[in-house]
Amino acid sequence: MQDPADRRAVRLALTPLGADRLDEVRAGRTELTRQLVADWPAEEQQVFCALLARFNHSMESYSAGRQGA
């Protein structure tokens, strides 16, 4: 579908099958992360989660800035 704000761009959409697969991958990564930190002290798990969220936010900001450039 053509992007109405920028006719040079095209918007893509996930199919229902693609959305299901994405959900599976995310669930698998969540479970793997849970297993990998299961023996960490609770405080270290909390710090890791906070730092990972901060990193992800920085990555999103960086990506958004590069798309606008």
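# Worked exercises on a two-helix chain

The chain has two helices and zero strands. Its radius of gyration is 18 Å, well over the 11 Å that the globule rule gives for 69 residues, so the chain is more spread out than a compact globule. Keep in mind that this is a predicted model.

## Exercise 1: overall form and surface

Work out what box the C-alpha atoms fill, what share of the residues is buried, and how much of the accessible surface belongs to carbon and sulfur.

**Solution.**
- Step 1: line the chain up along its principal axes, and the C-alpha atoms fill a box of roughly 50 × 30 × 10 Å.
- Step 2: set the burial cut-off at under 20% relative accessible area. Of the 69 residues, 3% count as buried.
- Step 3: add up the accessible surface, and you get about 6,500 Å², with 58% of that belonging to carbon and sulfur atoms.

## Exercise 2: charges and salt bridges

Count the positive and negative side chains, then find which residues pair up in salt bridges.

**Solution.**
- Step 1: tally the charges. There are 9 positive and 10 negative side chains, and the centres of the two sets lie 11 Å apart.
- Step 2: search the whole structure for salt bridges, and two turn up.
- Step 3: take the Arg 21 pair. Its partner is Glu 24, with an N to O distance of 3.2 Å. Both residues sit in helix H1, three residues apart, or about one turn of the helix. Arg 21 counts as partly exposed because its relative accessibility is 48%.
- Step 4: now take the other pair. Glu 31 and Arg 34 form a salt bridge whose closest N and O atoms are 3.3 Å apart. These two are separated by about one helical turn, because they're three residues apart in helix H1. With a relative accessible area of 35%, Glu 31 is partly exposed.

## Exercise 3: leucines of helix H1

Decide whether Leu 32 and Leu 36 are buried, partly exposed or exposed, and find how far each lies from a chosen residue along the chain.

**Solution.**
- Step 1: place Leu 32, which is in helix H1, residues 16–36. Leu 36 is found in helix H1 too.
- Step 2: recall that exposed means over 50% relative accessible area. Leu 32 has 46% relative accessibility, so it counts as partly exposed. Leu 36 has 55%, so it counts as exposed.
- Step 3: get the C-alpha separations. Leu 32 and Leu 17, 15 residues apart along the chain, are 23 Å from each other. For Leu 36 and Val 25, eleven residues apart along the chain, the value is 16 Å.

## Exercise 4: a nonpolar patch

Find which residues make the nonpolar surface patch, then pick out Phe 55 and say where it lies and how accessible it is.

**Solution.**
- Step 1: list the patch members: Trp 40, Phe 48, Leu 52, Phe 55, Met 59 and Tyr 62. Together they make a patch of about 580 Å².
- Step 2: locate Phe 55, which lies in helix H2, residues 42–68.
- Step 3: check the accessibility of Phe 55. The value is 49%, so Phe 55 counts as partly exposed.

Technical notes: Residues are numbered from 1 along each chain as its sequence is written. This is a predicted model: local features need pLDDT of at least 70, side-chain atom pairs count only at pLDDT 80 or more; totals for chains, interfaces and linings use all residues. Side-chain values use heavy atoms; hydrogens and water are left out. Patches are made of residues with over 30% relative accessible area and no salt bridge: like charges are joined within 9 Å, nonpolar side chains (Val, Leu, Ile, Met, Phe, Trp, Tyr) within 5 Å. Accessible areas come from the Shrake-Rupley method with a 1.4 Å probe; for residues, only the protein chains shown count as cover. A salt bridge is a side-chain nitrogen of Lys or Arg within 4 Å of a carboxyl oxygen of Asp or Glu. Helices (H or I, at least four residues) and strands (E, at least two) are DSSP runs, numbered from the N terminus. Buried means under 20% relative accessible area, exposed over 50%, partly exposed in between (1.4 Å probe, protein chains only). The radius of gyration is taken over C-alpha atoms; the globule rule is 2.2 Å times the number of residues to the power 0.38. Lys and Arg count as positive and Asp and Glu as negative; His and the chain ends are not counted. The place of a charge is taken as NZ of Lys, CZ of Arg, CG of Asp or CD of Glu.
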